[in-house]
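Hi,

Here is the structure I said I would pass on. Have a look at it first, and then read on for what turned up.

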Amino acid sequence: MSNSLKKLPLAVLALCLSTGIAVSHGDVAPQPVNTEGLPELGEDFALENPFRDPSGEYWDRAVRIGDSAYNQNCARCHGLEVISGGLAPDLRFLAAEEMDDEWYLERLRNGAGDRMPAFDGVMNQQAMWAIRTYVETRPDPDGIAEYMPRLREIRDGLRAKQEAIAAGTATPDDYADEIAALKVELAKIAEAVPTLSGAPKADSIARRAAIILETGGDASLRTADETLTVGLSVAR
């Protein structure tokens, strides 16, 4: 990813929408979002993302709700994992600060003609900020690239463990210490991965895999394997 793209100004993103570069949503209707677990924010919209602080009570929940809501409503034009194909603005470059929050909220609430529907009245404030939280926590692909070989090794190791357990040549307990060490390693990788937006914490595949392994059991090995596989595929 070039430095010039990383510094793409907000005005350029706005120009993409105002000049019709964004792909039309056609007949795709905006989908409501279940925001259960997030606090009520009242009728007046916040000026800045209230879920931005990763140490806050609702950050993780906002990321998860935002992930689902983004994929239902935004991925068709703005790309899976918020990686734009070039026809719509790449929202990962919106800075995690009040000025870009204002631009984001205005676009989401009011739409952009036939290029983007208005979501005001379809989503509540919590849903809009949850999507914002998910978008701004996308990891910098350059920042995670150096860890990809090791993440691939971890994924392959998890797959081998599953095969051994399925064949009856090992049990989950045999791998307990190794899995514990992998959780620590994945958490360290996750902390080192930056965001493109400047948000304080990235929601990377390393972070997600570490959280999944915390649940324990055979299913966690399989789910962590799948999470890493999808993430590694998207990163290619």
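A quick word on terms before the numbers: accessible areas here come from the Shrake-Rupley method with a 1.4 Å probe. On that footing, the protein exposes about 11,700 Å², and carbon and sulfur atoms supply 52% of it. Do keep in mind that this is a predicted model.

Now the overall build. You'll find 11 helices and 0 strands, so to speak a plain run of α-α-α-α-α-α-α-α-α-α-α along the sequence. The protein has 236 residues, and 46% of them count as buried. As for contacts between residues at least 6 apart in sequence, 74% join residues at least 24 apart.

Next, the largest pocket. About 450 Å³ of space lies in it, and 20 residues line it. Nearest the centre of this pocket are E81, P139, I205, G231 and V234. Which helices each supply at least two residues of the lining? Those are α7 (141-145), α10 (205-214) and α11. The largest share, 6 residues, comes from α11.

One residue to look up in the viewer is V234, which sits in helix α11 (residues 218-235). Is V234 buried or exposed? Neither, quite: its relative accessibility is 36%, so V234 counts as partly exposed. Besides lying among the residues nearest the pocket centre, V234 joins I83 and V230 in a nonpolar patch on the surface. Together, I83, V230 and V234 have about 220 Å² of accessible area.

Cheers

Methods. Residues are numbered from 1 along each chain as its sequence is written. This is a predicted model: local features need pLDDT of at least 70, side-chain atom pairs count only at pLDDT 80 or more; totals for chains, interfaces and linings use all residues. Side-chain values use heavy atoms; hydrogens and water are left out. Patches are made of residues with over 30% relative accessible area and no salt bridge: like charges are joined within 9 Å, nonpolar side chains (Val, Leu, Ile, Met, Phe, Trp, Tyr) within 5 Å. A salt bridge is a side-chain nitrogen of Lys or Arg within 4 Å of a carboxyl oxygen of Asp or Glu. Helices (H or I, at least four residues) and strands (E, at least two) are DSSP runs, numbered from the N terminus. Buried means under 20% relative accessible area, exposed over 50%, partly exposed in between (1.4 Å probe, protein chains only). Contact means heavy atoms within 4.5 Å. On a 1 Å grid over the protein atoms alone, a cavity is a set of points where a 1.4 Å probe fits but cannot get out, and a pocket is an open set with protein on both sides within 12 Å along at least five of seven lines; lining residues have an atom within 4 Å of a point. Grid points are joined across faces, edges and corners, and a volume is the space filled by probe spheres set on the points.
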